Amino acid sequence: MIHPLRQRHRHIIIALGILLPVAFAAGIAARKPLPEVNTLPDGISPPINLFAAEVWSREDLFYMSPVRIRLLREQSGTGKFAVTLAAAKDFVKPELLVYWLYGNPSVTNALPHNAILLGSFTAPQLPLPAVAEKTNGLLVLYSLADNQIVDVSKPIHLAGLSK
Amino acid sequence: MNDDFYIGWETSAAPRIGKFVRAVVLILFVASISLALAFAMVQRSIGVSVFEWGMVKNFSGVLKLEPYPHLLVPRPGATGTQNNFSTYYLVAPFKFGLDRKKLSTLDGKLVSLQGTLIYRGNQTMVEALPDSIKAADAESPMLTGEETIQLGRQTLTGEIVDSKCFFGVMNPGQLLPHRACAIRCISGGIPPVLLVRQTNGTAICLLLVSPAGQPVNQQVLDLVAEPVQITGEVERQDELLILRADPKTILRIK
């Protein structure tokens, strides 16, 4: 009496063992693809890259944050400067802004009054002020929502690069 | 003929059966671990977002109620060549938006408030304690950077998400697994945003309003968390992208 039941049980298990993974794979394959666009319409997308030439790229300029800084210039060897900042995806701070601070001042807890706003950390390019080409300076990462200095870079020298 | 027969109450199975079962269990164990790891590794990243739950902070800025409550916070050191203000969406605790009628006397004024930060990428939101929103003593800063820039009529493809969950309260606060929660949040007044994903992995969020700039929460509930195509007028207010579209014209992508 038990033998036919065991045989049926075995057949059911074999059938489920094949059908369930197939049904699961079919379900995954049948998911609607995420709607993605290649390019955003004009105006919505970030402005055209004005700073096309890379001068240098460094990851060691901030003391505590794993941020890569790329120094860019309008054209190779000439023109105004800009920086691009990039970090790992898990580097998230609320309303993170980037400032230029000329000279080599000691920055503690508060944002100095002479700090010049460059823009949002997520901006594709942050043009540097003209003063940056004449004197050394620092980049400061400042979280506006936390009202807190996140990090200060080592001194950056552009004077030698200016023509 | 093989007479091996499994008997459950025996201390040990017949040798051939025992050997077979051990091999099968070992293979299944290795296969299941490998499959689980492989499956986990090919999943999409859910993104990094933060809800500072339990951390109440103080904020101050200019309260704007249209199209949805938001706070314009002056950026120190702004020289006028960039946006002079940061924009924080404001919502109430749980699944509710702020009551605009109660706050109408504070519209356009400098206020102080307490709340909890929610943020993702360059999007920032504050879950404000409604009773903490008060007029500040100082005069409101000049809203010189607040002019609206028209970006024209655009057709955009994306997903309607509830901003509060997507910006950090839930993760993943998007797609079908989050649909029921998103519908409850949007019906409660949380601003709906159109999430437009790009193939390079980045995304933008556009605040969704009617052509007249009014909330469309109740009209879009049926379309939340599904691929949609929306045509409307896009404008930028500081860092806030706004999409003015008639909810009746929103197309569900099959």
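A residue counts as buried here when its relative accessible area is under 20%. By that cut-off A:E95, at 5% relative accessible area, is buried. The model is a predicted one, and A:E95 makes a handy entry point to it. This glutamate sits in the loop between β4 (78–87) and β5 of chain A, and its phi is near 50°, a positive value in a residue that isn't glycine. A:N147 has a similar backbone story: its phi is also positive, about 50°, and again the residue is not a glycine. The loop in question this time is the one between β8 and β9 of chain A. Burial is where the two part ways, since A:N147 has 56% relative accessibility and counts as exposed.

A:E95 turns up again on the list of partners of B:Y88. Setting aside neighbours within four places in sequence, this tyrosine is in contact with A:E95, A:L144 and A:A145 from chain A. Its partners from chain B are B:F59, B:H70, B:L71, B:V73, B:T124 and B:V126. B:Y88 also belongs to the largest nonpolar core, which has 33 residues. Along with A:Y99, B:L71, B:L113 and B:I133, B:Y88 is among the members that touch the most other members. Both chains feed this core: β5 (96–102), β8 (137–143) and β9 (148–152) of chain A each give two or more residues. On the chain B side, the elements that do so are β2 (57–64), β3 (70–74), β4 (85–91), β5 (110–120) and β6 (123–128). The top contributor is β5(B), with 4 residues. Apart from this core lies another one, of 27 residues, and it too draws on both chains, with A:V37, A:I44, B:I183 and B:L221 among its members. As a general background, nonpolar side chains tend to be buried together in soluble globular proteins.

Now for chain B as a whole. It has 3 helices and 13 strands. Its radius of gyration is 26 Å, well over the 18 Å that the globule rule gives for 254 residues, so the chain is more spread out than a compact globule. The C-alpha atoms fill a box of roughly 95 × 40 × 35 Å along the principal axes. Even so, 46% of the 254 residues are buried. Among contacts with a separation of 6 or more, 71% are between residues 24 or more positions apart. The chain exposes about 13300 Å², and carbon and sulfur atoms supply 60% of that. As for charge, the mean positions of the 24 positive and 22 negative charges are 4 Å apart.

One of the helices, α3(B), has B:C181, B:A182, B:I183, B:C185 and B:I186 as buried residues. Of these, B:I183 is also a member of the 27-residue core. The cover over the buried residues of α3(B) includes β8 (148–162), α2 and β9 (192–198) of chain B. After the helix comes B:G189, with a positive phi near 110°.

Two cis peptide bonds round off the backbone picture of chain B. One joins B:E66 and B:P67, with omega at about -5°, and B:P67 is placed in the loop between β2 and β3. Another runs from B:N171 to B:P172, where omega is near 10°. B:P172 lies in the loop that links α2 (163–169) to α3 (179–187).

Note on methods. Residues numbered from 1 in each chain as written. Chains lettered and ligands numbered in written order. Predicted model: local features only at pLDDT ≥ 70, side-chain atom pairs only at ≥ 80, totals over all residues. Heavy atoms only, no water. Rg over C-alpha atoms; globule rule 2.2 N^0.38 Å. Buried < 20%, exposed > 50% of the residue type's maximum accessible area, 1.4 Å probe, protein only. Contact = heavy atoms within 4.5 Å. Areas by Shrake-Rupley, 256 points an atom, 1.4 Å probe, with all protein chains shown as cover. Lys, Arg positive; Asp, Glu negative; His and termini not counted. Charge placed at Lys NZ, Arg CZ, Asp CG, Glu CD. Core = buried A, V, L, I, M, F, W, Y, C linked by side-chain atoms within 4.5 Å.
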